[in-house]
Amino acid sequence: GELAKLLYRMRSIDPIKLQTMATQNAETTDDGEPRPLLVGDAVPLTGTIKSMQLVPIPKQLTEVLEFTQLHVITVEDTDGHEVKVISFPLPKDARAGDQLEGVGVALQVEESLDITPPRASAMVCNRVRWLPVSSSNLGWQLLRNQGVDISLLSDLGTRNRQTLLAEDGDAFYAMMAAASDIGQDRVEIPNPSEIEPVTLLQGSSELTGQWMQMNLETVLITRISVTEPQRQMELGSDHYYQIDAVGDLGKVVVQIERPAGDDGPPASFHNRYTVSVVTRSLPAFLETQIQRQEGGNAVISGLKTKIQMDGFFFRLWSYETDFMSQNGGGDQFGPLLIAAVIRDKQPDSTDPAGVNLIGSVAAFAVILAIFGVWAWQRKVDSLDRAVRERKKEKEAESLRIP
């Protein structure tokens, strides 16, 4: 119970401040000696999971603390020592051998002549970064290789069809930064699975973080400023771009029911459905088209062009639209994707492929026909002249008087 209360109170501690305190505690004194480690000091954690145990908290605390279990994790640190870590439950996919990183508060300090400097043998961590050794989800593996805390992804699906929330922030910026780095990296990356919007609408919670490819047509591109220094540092930029696009529904008709108590017909989507894409930076071809169309560094650009995107599925998110206000009530929801690579799929011209070639062949055929008619006419005229000449000769002969 006391550990649960302590874990609950740690949620209000600024993680950046806790990290700063841990860094200061790791520094040496003016004499060059390690600083003494005390119970309650902030300490870093890096190691691999050896074992885990879920422990229920007293029932009388569950309603107040709003969680029912805590995890007692035995971690082997980089020096080979074991430390007991008390934390909120890790995702169910966590296994022995996975790596954990974080910053916590020392609960027990082990001191002996063999241990210099003293180390924490038990600690409590509000949040640990979970980096699985392997995963059946290819997207998770790619993100893990970029240092993304996969535990942030495990509960994204529980917030499907909600607006972006503060709880989404850590995963949102970490995934966007990782996706951009993956797209800029020259090493070969696995081919993504091609997925249609309707697939995400049907089974979205199981596809969170999935590495996928989707063909889209852009509608609106907006540059969004990032003002918080912490988020700027996480993203590696002071802005990102949101691409509002549409994807093909094929023969599927999507109907969104009206809110309870509204008996009107549902809002229906035929042929295409809205998809949102975010990216830290735009590819050169989109920047060029925006520059050409808007004539400057536009914040908002109504650009329509076909693209192909490789990236990660974040979750379904909701937002207000005039269409839903007029036809269905409530907010519209749709897939939110984080792009790693965006390709130009717009044809080079407005003519379909092959039209220019067909036109050239047709024009050449017309020229040949005209030349043929001209040649045939010359031949006919020549024959006519010969016939007339022979006729004149016959007429002369017949009119000639001896």
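This is a guided tour of a predicted model, given as a series of selections to make in the viewer.

**The largest pocket**

Begin by selecting Pro 15, Arg 127, Asp 149, Leu 152 and Asp 170, which lie nearest the centre of the largest pocket, and then extend the selection outwards, since 43 residues line this pocket. The space inside the largest pocket comes to about 1,800 Å³. If you colour the model by element, look for α2 (15-25), β4 (99-112), β6 (128-131), α5 (169-184) and α7 (229-235), each of which gives two or more residues to the lining. Helix α5 supplies the largest share of that lining, with 5 residues. Colouring the lining by class instead will show 19 nonpolar, 9 polar and 15 charged residues.

**Helix α4 and its two ends**

Next select residues 138-145, which form helix α4, a mostly covered helix in which 6 of the 8 residues are buried. The buried residues are Gly 139, Trp 140, Gln 141, Leu 142, Leu 143 and Arg 144, so that a charged name, Arg 144, appears in the list beside Trp 140 and the two leucines. At the start of α4, display the side chain of Asn 137, one of whose oxygens reaches to within 2.9 Å of the backbone nitrogen of Gly 139. Moving to the other end, just after α4, you will find Gly 147, which takes a positive phi of about 85°.

**Asn 160, in the loop that follows**

Stay with the chain as it passes into the loop between α4 and α5, and select Asn 160. Is this residue buried or exposed? Asn 160 has a relative accessible area of 17%, and because buried means under 20%, it counts as buried. With its side chain displayed, look for a polar atom that lies 3.2 Å from the backbone oxygen of Gly 157, and then for the reach of the side chain to the backbone nitrogen of Leu 316, at 3.0 Å. Leaving aside residues up to four places away in sequence, Asn 160 touches Ser 204, Ser 205, Arg 315 and Leu 316.

**The two sides of helix α8**

Now select residues 284-294, helix α8, and highlight Phe 285, Leu 286, Gln 289 and Ile 290, which are buried. These four lie on the same side of α8, because they cover an arc of only 135° around the axis. An α-helix has 3.6 residues a turn, so residues three or four places apart point the same way. Turn the view to the face directed away from the buried side of α8, where the exposed residues Ala 284 and Arg 292 are carried. To see what covers the buried residues, add strands β8 (211-225), β9 (239-248), β13 (300-301), β14 (306-319) and β15 (332-344), which are included in that cover. Following α8 comes Gly 295, whose phi is positive, near 75°.

**Two residues with positive phi**

Most residues other than glycine have a negative phi. For the last stops, select Glu 66, whose phi is nevertheless positive, near 65°, and which sits in the loop between α3 (59-65) and β2 (69-77). Glu 66 counts as exposed, because its relative accessibility is 65%. Then select Asn 271, a residue other than glycine that also has a positive phi, near 70°. Asn 271 is found in the loop between β11 (267-269) and β12 (272-279), and with a relative accessible area of 52% this residue, too, is exposed.

Key: Residues numbered from 1 in each chain as written. Predicted model: local features only at pLDDT ≥ 70, side-chain atom pairs only at ≥ 80, totals over all residues. Heavy atoms only, no water. Buried < 20%, exposed > 50% of the residue type's maximum accessible area, 1.4 Å probe, protein only. Polar contact = N/O pair within 3.5 Å; in protein donor to acceptor, adjacent residues only side chain to side chain. 1 Å grid on protein atoms, 1.4 Å probe; cavity = no way out; pocket = protein on both sides within 12 Å on 5 of 7 lines; lining within 4 Å. Points joined across faces, edges and corners; volume = space filled by probe spheres on them. Arc of directions from axis to C-beta. Contact = heavy atoms within 4.5 Å.
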